[in-house]
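Trainee: Could we take a close look at one helix and the partners it packs against? I would like to follow the contacts residue by residue.

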Amino acid sequence: MLTVIRARAVLHLKVVRPMQFFTNSKEVGYSPADMGPVADSLYELLCDLEADGSKGMDIGLDVFKAVGDSPEDASPEQRAKDQTTKEAYKSWKLDYLKRQGQCTDASAKVPMWQLAVAGMFDPGVR
Amino acid sequence: MVELVRESVVMSYKESLAPGVWEGMSEEERDGAVRAHAVVCHNHLRSTMLRQGIKEELSFLKEALAEALEELSPEEHVTLHVDGICRAAAKKFFFSASNMYAKGKGATFLAWCIANHSKCIVNVLPQADLGTRLDSSTDVALALYMNRKLYLEWLEVRLAGMGAESKLETCL
């Protein structure tokens, strides 16, 4: 039971949270019609996991790293938009991992989600 | 709009094939080749992605734990539906200054943490889940995993004090 809860937690950090960013970021400004690259990356991950589930246990896994890559024949406008997407995603990831939470007596602050990621991939970390 | 996109997908695929190939394909092969998933709300893409996984998860758990489950009393309300566990946990442990669930014990749990584990980190659930909130099936799982030792210790203390008075706590 703990295994499936952990798997869901990994999915939340590695898939759901980044997808929330792509759907809700005003800077990126994606509509449902722009979600193709996100869906493609997700589909690729699911195919990889079907073949080898251990790929999901890579702490450095970035499922959506290809989102914002411009195709060779992209127009200058499209390239600029893709560049904005890439930079916004990179910036969001850094901000997310730096976000701090307090311990219960408020005596210290810790990077909450960095700790969550570490705990997810190495259960000895607490 | 959705139908126009679907038609474009089919047209584009047909154009990519050599003459006569599409006509030679069975209905099943055609469906597989141009299958499209239409969404009008991109936020629901995440729920769609998780839905099939949740079905697989349940069949995995049934295979692994069904026998063990039979040994437990029905009064213990133990379930293999992880979504049910997530919902129960969200009701029991969510904490919000402005909106509280009547049977929730989020504030009591946090007070207990402050008194007994003053240097710990708690992933506070800021919203209850009545089964409709987007992403709650993974969001709550993250809190369950991060807080598991604290939740279990607190539940043990609670159940030792009150027996099976609370079905929600017994289930958890």
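Mentor: Happy to; here is a walk along helix α1 of chain A and its two packing partners.

This is a predicted model, in which local features need pLDDT of at least 70 and side-chain atom pairs count only at pLDDT 80 or more, while totals for chains, interfaces and linings use all residues. Residues are numbered from 1 along each chain as its sequence is written, and chains are lettered from A and ligands numbered from 1 in the order in which they are written. The model scores ipTM 0.89 and pTM 0.83.

Let's begin with the interface. Chain A puts 26 residues into the contact and chain B 28, where two residues are in contact if their C-beta atoms, placed from the backbone, lie within 7 Å. On the side of chain A that touches chain B, the elements giving two or more residues are α1 (2–24), α2 (36–51) and α4 (112–121) of chain A. Helices here are DSSP runs (H or I, at least four residues), numbered from the N terminus. With 11 residues, α1(A) gives the most to that side. By class, the side has 18 nonpolar, 5 polar and 3 charged residues; Ala, Val, Leu, Ile, Met, Phe, Trp, Tyr, Cys and Pro count as nonpolar, Asp, Glu, Lys and Arg as charged, and the others, Gly among them, as polar.

Now the partner across the interface. The axes of α1(A) and helix α7 (residues 136–146) of chain B come within 8 Å and cross at roughly 120°. Axes are lines fitted to C-alpha atoms, for helices over the stretch in contact, with angles from 0 to 180 degrees between N-to-C directions. That angle makes α1(A) oblique to α7(B): under 35 degrees counts as roughly parallel, over 145 as roughly antiparallel, 65 to 115 as roughly perpendicular and the rest as oblique. Residues of α1(A) that take part include A:Ile5, A:Leu11, A:His12 and A:Val16, and those of α7(B) include B:Ser137, B:Asp139, B:Leu142 and B:Tyr145. This contact has 9 nonpolar, 3 polar and 3 charged residues.

Within its own chain, α1(A) also packs against α4(A): their axes come within 10 Å and cross at roughly 140°, and the two helices are therefore oblique to each other. Here A:Arg6, A:Ala9, A:Val10 and A:Leu13 in α1(A) meet A:Ala116, A:Val117 and A:Met120 in α4(A). This contact has 6 nonpolar, no polar and 1 charged residues. A:Arg6, A:Ala9 and A:Leu13 are also among the α1(A) residues that meet α7(B).
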